[in-house]
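Reader: I am new to reading protein models and would like to learn how the descriptive words are earned. Could you go through some of them with me?

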Amino acid sequence: MQIVIIINNKKTLLDVELNEFLADTLRKHGMLSIRKACNTSCCGLCTVWVDGKPTLSCSLLSIKAVGKNITTIEGVQSEAENFAKILVAEGAEQCGFCSPGFIMTVLAMKNELKNPTEKDIIHYLTGNLCRCTGYMGQLRAVKKYLGVN
Amino acid sequence: MFTLINLVQPDTVEEAYRVLTEKKSNAILGGCAFLKMGSKRIDTGIELSKLNLNYIKEDDSHIEIGAYTTFRDLEKSPILNYYFNGVIPKSVADIIGVQFRSIVTLGASVYSKYGFSDLIPTLLTLNCEVELFKGGRIPLEEFLKSAYEKDILTKIFLKKNHRIAVYKNLRNSKSDYSILNVSVSNIDSKYIIAVGARPAVAKIAKKASEYLNHGNINEDTLEKASNIAAEELDFGDNMRGSAEYRKAMCCVLVKRALKEVLECR
């Protein structure tokens, strides 16, 4: 089946299987920042934005994304780089496998929450798992990025 | 992974129902987050996004929520945060992460009668009604007890009133399924207690609710009501907990929920 999805502001014609999920479609299209890990919808590594909302691309059927605006980390490179520098400075990045999904969630949180507390930040990021860093470095980096004391 | 042979995106509920009932193996595609973990073979998948069922609205007497509304929309809705002590947003706020809640739909969770649902116990204590295309508008409690029949859940109704409700759950880790979940509501000193993830689908603890509705409320009666709830409901084993453990935890969660709902007065 052929569908049209807007990926990083570009209308894109894609061939998809009916039971194909967006993470696979995007990877086939060269968006290799999309990572698949848990396959049970709980790790957050495949997070992209669908019409600006952070969404698990591994659990959204590609056919449900027709006509939607999909944003991957390739579409927000400059902002992602700013935050990634803070992540590195805070020692919050090791293997980096979870970073694209994590960064997409943090950038979405910045757009969505005004003056979040530490509790708000932790709650928003519950769906992003990282097996390397232990989360404290990530929390320091996010607070620094958002200017939260 | 499930198999999908054909796909339709109907413009009307009538058309969706016609396709659904044409063949036993035709099925509605809800959020699909749970469906993808199985190996179901679906002949024609029916995708409902063209039916405009993603909404939360209110009139003078009721709140109406469309079946395609996501849990994230429930969580952020000003209407639902205002009514019933904000219990609906609180019930769904701890389900995995924001990215997951952006996909899961109310209709799929309720229609599938999932035992692990964090939302169903709360809807039971709010005297929720469901509207089915064929079955019409019926109480959620009746729908949960009914035998499986192919139908399409289009919306739910909540009566607007000053009912206060609370929600409690027990999980092994923050983003895991509930081992047990409890909701309690109170309006004019009339209580409804519902317990879910037993691990069967949520049920109202009728004897415990009745006991509180006819007696004084104090530490002893709260204790007694929580014990009645644990005795009258049946519990089962699964990988998250044994029936015995669930029964013991039922007493604890019901008592905590009752205490909290009293403090909300």
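Reader: How do you know that strand 5 and strand 8 of chain B pair, and in which sense?

Author: Happy to help, and please keep in mind that this is a predicted model. Two strands count as paired when there are at least two bridges between them. Strand 5 (residues 62–66) and strand 8 (residues 153–159) of chain B have five bridges and pair in the antiparallel sense, so they meet that cut-off. Within this pair, Gly66(B) stands opposite Lys155(B) of strand 8.

Reader: What makes strand 4 and strand 7 of chain B edge strands?

Author: Each of them pairs on one side only. They belong to an open sheet of five strands in chain B, in the order 4-5-8-6-7, with antiparallel pairing. Neighbouring strands in that sheet are turned by 25° against each other on average, direction ignored.

Reader: Which way do strand 1 and strand 3 of chain B run, and how many bridges join them?

Author: Strand 1 (residues 3–8) and strand 3 (residues 41–47) of chain B run parallel and are joined by five bridges. Here Leu4(B) stands opposite Ile42(B). Strand 3 of chain B also runs parallel to strand 2 (residues 27–29), with three bridges between them, and Leu29(B) stands opposite Glu47(B).

Reader: Why are helix 2 and helix 3 of chain A called roughly perpendicular?

Author: Their packing angle is about 105°, and their axes are 10 Å apart. Angles of 65 to 115 degrees count as roughly perpendicular, so that is the word for helix 2 and helix 3 of chain A. On the helix 2 side, Glu79(A), Ala80(A), Phe83(A) and Ala84(A) meet Ile103(A), Val106(A) and Leu107(A) of helix 3. By class, this contact has six nonpolar residues, no polar ones and one charged.

Reader: Why is Ser189(B) called exposed?

Author: The cut-off for exposed is 12 or fewer other C-beta atoms within 10 Å. Ser189(B) has 10, so it is exposed. This residue is in the loop between strand 10 (178–187) and strand 11 of chain B, and its phi is near 60°, a positive value in a residue other than glycine.

Reader: What makes Lys113(B) partly exposed?

Author: Partly exposed covers the counts between 12 and 20. Lys113(B) has 17 C-beta neighbours inside 10 Å, so that label fits. Its phi is near 55°, a positive value in a residue other than glycine, and Lys113(B) lies in the loop between helix 6 (106–111) and helix 7 (120–125) of chain B.

Reader: How do you know that the buried residues of helix 9 of chain B line one face?

Author: Those residues are Ala208(B), Ser209(B) and Leu212(B). Seen down the axis of helix 9, they fall within an arc of 100°, so they line one face of the helix. There is a general pattern to remember: an α-helix has 3.6 residues a turn, so residues three or four places apart point the same way. The buried residues of helix 9 pack against strand 11, strand 12 and helix 10 (219–232) of chain B.

Reader: Where do chain A and chain B come together, and how many residues are in contact?

Author: In this contact, 22 residues of chain A meet 22 residues of chain B. Strand 4 (residues 53–56) of chain A gives the most to the chain A side, with four residues. That side has nine nonpolar, eleven polar and two charged residues.

How values were computed:
Residues are numbered from 1 along each chain as its sequence is written. Chains are lettered from A and ligands numbered from 1 in the order in which they are written. This is a predicted model: local features need pLDDT of at least 70, side-chain atom pairs count only at pLDDT 80 or more; totals for chains, interfaces and linings use all residues. Axes are lines fitted to C-alpha atoms, for helices over the stretch in contact, and angles run from 0 to 180 degrees between N-to-C directions. Helices (H or I, at least four residues) and strands (E, at least two) are DSSP runs, numbered from the N terminus. Angles under 35 degrees count as roughly parallel, over 145 as roughly antiparallel, 65 to 115 as roughly perpendicular and the rest as oblique. Two residues are in contact if their C-beta atoms, placed from the backbone, lie within 7 Å. Ala, Val, Leu, Ile, Met, Phe, Trp, Tyr, Cys and Pro count as nonpolar, Asp, Glu, Lys and Arg as charged, and the others, Gly among them, as polar. The arc is that of the directions from the helix axis to the C-beta atoms.
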